[in-house]
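Visitor: Could you take me through one part of this structure in detail? I'd like to hear about the place where the two chains meet, plus whatever charged pairs are worth a look.

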Number of protein chains: 2
Amino acid sequence: MKNPLTPKQVARAIGVSESSLKRWCDRGLIPTVRTAGGHRRLPLAGVLRFLRENEHRLERPEILGLPASTGQGEWTLSRAREHLLRGLVAGDETVCRQVIFDLYLAEQSIATICDEVIAEAFREIGDQWDCGNVEIYQERRGCEIASRLLFELQLALPAPAADAPTAIGGTPEGDPYSLSTGMVALALRDLGWRATSLGSMLPFSTLKAAVANGRPKLFWLSVSAIDHREQFLQQYEELFEEFSPQVAIVVGGRALTEDVRQQMRYAAYCDNLRHLSSFATLLHAQTEPIG
Amino acid sequence: MKNPLTPKQVARAIGVSESSLKRWCDRGLIPTVRTAGGHRRLPLAGVLRFLRENEHRLERPEILGLPASTGQGEWTLSRAREHLLRGLVAGDETVCRQVIFDLYLAEQSIATICDEVIAEAFREIGDQWDCGNVEIYQERRGCEIASRLLFELQLALPAPAADAPTAIGGTPEGDPYSLSTGMVALALRDLGWRATSLGSMLPFSTLKAAVANGRPKLFWLSVSAIDHREQFLQQYEELFEEFSPQVAIVVGGRALTEDVRQQMRYAAYCDNLRHLSSFATLLHAQTEPIG
DNA sequence: GACAAAATCGTTCAAATCGTTCATTTTAAT
DNA sequence: ATTAAAATGAACGATTTGAACGATTTTGTC
């Protein structure tokens, strides 16, 4: 788990000579820092980004502190989902990390990883819970693990540009499911946005204040549970009315069934993160037509 | 807080061997003073200057910047708390990271950082919220930031030994404050335990299952809020009765006022993480007397 | 103040890394 | 197929790093 890494470690992990690695560093392909004595040190996040961009395989992942066999196997999304599910239920963070980083290195978009693997795994956990096959603590522990992995992925993403569009969002009061809004933030960051999740259980009054203070280009509301439907709809309408044309208000979440949506106005309703990504890309391109 | 730092502290904090650090001192890269006996002492200001100038991008880029700590003024815990508070309210993760890693550089124990700075900052945020000075979303966003920083700190800790004692814990149903249980897990990991937080809002039924399945040496329950007092006490008593002698059951949290505690049995009640750390150390030493 | 444990001293040494050069292999274009 | 350009891997002496060692200092406790 050492970070930053030495050139020798990385060279052996990737399976190339130290000479090549040094050249890549000097050409700026891998972000490099120097010790006071002039030796190179390579932050893990930069190495992973390089591997991903250049479609390199990891010969010896364990050297980087990653689980053995990360970055060499062929993963179908369904196999990944299976493995992740087992890891989450067992509380095995190592297994989960391997699955996620494998997918990341295989150049899957963050949105795809979240949609097809993480979200699906938790949907399955929910089903298993209904059947009494998994305990609540296993689901909660899985959420903790997933949150960590999302954060680790964020560390591997480049920092957003200073002029990148901003986005904020969260879940409304009565919805404690913070994982979903965390995934939204990460997916938007993957697109280059300066996205910040405000967390979960946020009353509409404070959501209004957040939008008013933050002036984002996009605001998302992830709704996995609704306490009082009428109140929710009314307060949401107020928020939409107040900010709608200036701020793109995007909603999503399994609690927004069709009959609920029919009583809502929104800039976009997104079933999943790929929909959201498409919309965000479109929005950014349209409002910033020249760049 | 001790201002002149020992080489060991600094070496550990910036991730370099003591040998190299000593050489850098002798080469004049880091201003060094000597004790009467010849031991090196490194003023914090000089160390920070060295990090900014020579190690521009080594290890933790977030250490550089240091808006307020660069001055020769004492970087007291209360000043750190102040800065962290402002960063949390403003949602500025960079500032918060600087504060925390400054402290990590200057202090050994994570328990102290959590107790004196993070927990205190959130207590202050709670007060400000009562006065209507901060919005709920600022508190929630602060929690998100703090969670990330705890996770980053954990990444800096060595992995627990294979034979390390295990501990699990969480917050009961009705208590959504997951930050506290996350801090407990981190403090125990700092002591070398294999600690896992199960998260928040856990019904007692599933807590029992978790203890039964995990067989930890220590179980903690962090209680920041109690929904139904009678039910809480009764279910807690059941859990204690079932596992008490084999598993050390530790409780804490601001919801456990004195009158509540008087109706509870526990291996230890901990006001803060330093109490918990003492107890955990004692427990480990007693049950593993030879090693 | 005396004592024991822990930390630090200065030093030495093997391993790793530096920058550089050069021969070989791979890639791309003619 | 031939050739030029580019990338790779291996080698070199000089320097840096991390770990070890016994001797000394600091720290905590009685």
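Guide: Sure, let's start with the contact (heavy atoms within 4.5 Å): 31 residues of chain A and 30 residues of chain B take part in it. Bear in mind that this is a predicted model, where local features need pLDDT of at least 70 and side-chain atom pairs count only at pLDDT 80 or more, while totals for chains, interfaces and linings use all residues. Residues are numbered from 1 along each chain as its sequence is written, chains are lettered from A and ligands numbered from 1 in the order in which they are written, and side-chain values use heavy atoms, with hydrogens and water left out.

Together the chains bury about 2,900 Å², with 61% of that on carbon and sulfur atoms; buried area here is the accessible area (1.4 Å probe) that two parts lose on being put together, summed over both. On the chain A side, Ala36(A), Tyr137(A) and Phe151(A) lose the most area to chain B, together 22% of what that side buries. As for polar contacts (N or O pairs within 3.5 Å; within protein, one atom must be able to donate a hydrogen and the other to accept it, and residues adjacent in sequence count only if both atoms are side-chain atoms), 15 residue pairs make them between chain A and chain B, both partners being at pLDDT 80 or more.

Which elements of chain A supply at least two residues each? They are β1 (33–34), α7 (136–156), β4 (194–197) and α9 (204–214), and α7(A) gives the most, with ten residues. Helices (H or I, at least four residues) and strands (E, at least two) are DSSP runs, numbered from the N terminus.

Now the charged pairs. A salt bridge puts a side-chain nitrogen of Lys or Arg within 4 Å of a carboxyl oxygen of Asp or Glu. The rule finds zero across the interface of chain A and chain B, against a count of 32 over all chains. Back in α7 of chain A, Arg148(A) pairs with Glu93(A) of helix α5 (residues 93–105), 55 residues apart, with their closest N and O atoms at 3.9 Å. Arg148(A) counts as buried because its relative accessibility is 18%, and Glu93(A) is buried at 18% too (buried is under 20% relative accessible area, exposed over 50%, partly exposed in between; 1.4 Å probe, protein chains only). In chain B, Glu241(B) and Arg265(B) form a salt bridge at 2.8 Å, N to O; Glu241(B) is exposed at 52%, whereas Arg265(B) is partly exposed at 38%.
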